[in-house]
2 protein chains.
Amino acid sequence: MAKTQAQAPAAPGELLAGCGVRATHQRVQVLEELAREANDATAYQLFERLRSRGEGIGLATVYRTLSLLSEQGVIDALTHRGGELCYRLCSAAHHHHLTCSECHRVVELDGCNLGDWVSTAAAAHGFTATEHQVEVVGVCSDCRAA
Amino acid sequence: MAKTQAQAPAAPGELLAGCGVRATHQRVQVLEELAREANDATAYQLFERLRSRGEGIGLATVYRTLSLLSEQGVIDALTHRGGELCYRLCSAAHHHHLTCSECHRVVELDGCNLGDWVSTAAAAHGFTATEHQVEVVGVCSDCRAA
DNA sequence: TTTAGTGCAAAAGTTTTGCATGGTC
DNA sequence: GACCATGCAAAACTTTTGCACTAAA
C-alpha cells in the first residue's frame, strides 16, 4: 500500500486549491477550526472561537468562507430542527448524518443504499432525483445512560 | 363505505382541539392559509398573505402559531439548503418530502421502508433512533421540459 | 370568570453589503 | 501587477419578548 489516502483528511491548502479558490490565511483558519470540532458548529460559533484563539478574522469573512466552502462541497451544511444552520467538515464520500438529540453529537453514516428507492420514488412523481439527504435523530449511548 | 376519512383533510378546528389548544380565529386562519398552499411557506410569507387578505393578525402570532403547531406535529417544518425554515400542512402519516430545485414544488413520499436500516445504522453507533427524515431534491417534469 | 391568546412595538439576534485596504497567485 | 479576499461598520432581515388588552371555554 503506497498511500493511506482513504481516510486521511486532506490538508486545508489542498482542499482549497482543489476547488480553485485562493488558500488565504483566513480560509485555512476556518477549515482548521472545523477540523477541531467533532460535531458541527454555526458560523457565529466558529467566528467566536477563532477570535478567542487570537485570530484576527472578520465575521463577514467567516460567513463568506462557509458559504463558499459549502457551495464547493468541501464542507457539509446541516440544519437542525428550528432552522439552525450548522457546518461540518466531513468525508468526501456520500454519507448521511446521525445526531444525538441530547448532546448534539454527530456521526457519519456510510453505506447509503437508498439510491434506487429515491430514484424510483421520484420517478413515480415525474421527478428526476438529483440529490437526497437523510437526517437520523436519536439518543447516543452516553446520553441514554445519563 | 361509511366514511371517506382516509384522505379527507381534517377541519382546522378539529386539528386544534385534537392537540388540546384553543381554536382561536387566528390559528384557524393560519391553518387555512397553509391549506391554500400546495407547497411550503415561511412564517413571514404566511403573515403577508393573511394581511393582504384583510386578516388583522400580528406577526408574532403567526410565529407563535407555527411553532406551536409544528411542535404538536400538526404541521411539518422543512428546511431548505441555506437554512430557510418553511412550513407545510401534510398528511398525518409518516412520509418524506420530494422538492423541485427549480420551482420548489413539494410532493409527499409515502411508503417509507427505511425503519430497519435506520435502526440498524443507529445501533451500530450506539444510538437509539427516535426519528428520521429524508429530503429528496430533484427536478419536476414541468421544469425539466422548460 | 378564569386563563390562554393576541397585538403592538421594542429588542435581540443573525446575515448581508459597500468600499477602501491588503494579500495571493 | 492584477485581481481576489478581507475588515469594518452599517444596513437589512428575521425572530423573540414584555405587557396591557381581548376572547375562548
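In this predicted model, 97% of the interface residues of chain A are interface residues in chain B as well, so the two copies meet through the same surface. The relation between them can be stated geometrically: chain A is superposed on chain B, with an RMSD of 0.0 Å, by a rotation of 180 degrees accompanied by 0.0 Å of shift along the axis. The two copies are therefore related as by a two-fold rotation axis. Among the residues of chain A, the one that comes closest to this axis is Val134(A), whose C-alpha lies at 2.2 Å.

From the pairing of the chains we can turn to the DNA. Around DNA strand D there are 17 residues, of which Gln26(A), Gly56(A), Gly58(A), Thr61(A) and Tyr63(B) come nearest. On the side of the nucleic acid, 72% of the atoms of DNA strand D that come within 4 Å of the protein belong to sugar and phosphate. Three side chains of chain A illustrate contacts of this kind with phosphate oxygens of DNA strand D: a polar side-chain atom of Thr61(A) lies 2.4 Å from one, an N or O atom in the side chain of Arg27(A) is 2.9 Å from one, and for a polar side-chain atom of Thr24(A) the distance is 3.0 Å.

In terms of secondary structure, two or more residues of the surface near DNA strand D come from each of helix 2 (25–36) and helix 4 (59–71) of chain A, and from helix 4 (59–71) of chain B. Helix 4 of chain B gives the most, with four residues. By residue class, the surface near DNA strand D divides into six nonpolar, five polar and six charged residues.

Definitions and conventions:
Residues numbered from 1 in each chain as written. Chains lettered and ligands numbered in written order. Predicted model: local features only at pLDDT ≥ 70, side-chain atom pairs only at ≥ 80, totals over all residues. Heavy atoms only, no water. Least-squares fit on C-alpha atoms with pLDDT ≥ 70 in both. Contact = heavy atoms within 4.5 Å. Near = heavy atom within 4 Å. Polar contact = N/O pair within 3.5 Å; in protein donor to acceptor, adjacent residues only side chain to side chain. Nonpolar A, V, L, I, M, F, W, Y, C, P; charged D, E, K, R; others polar.
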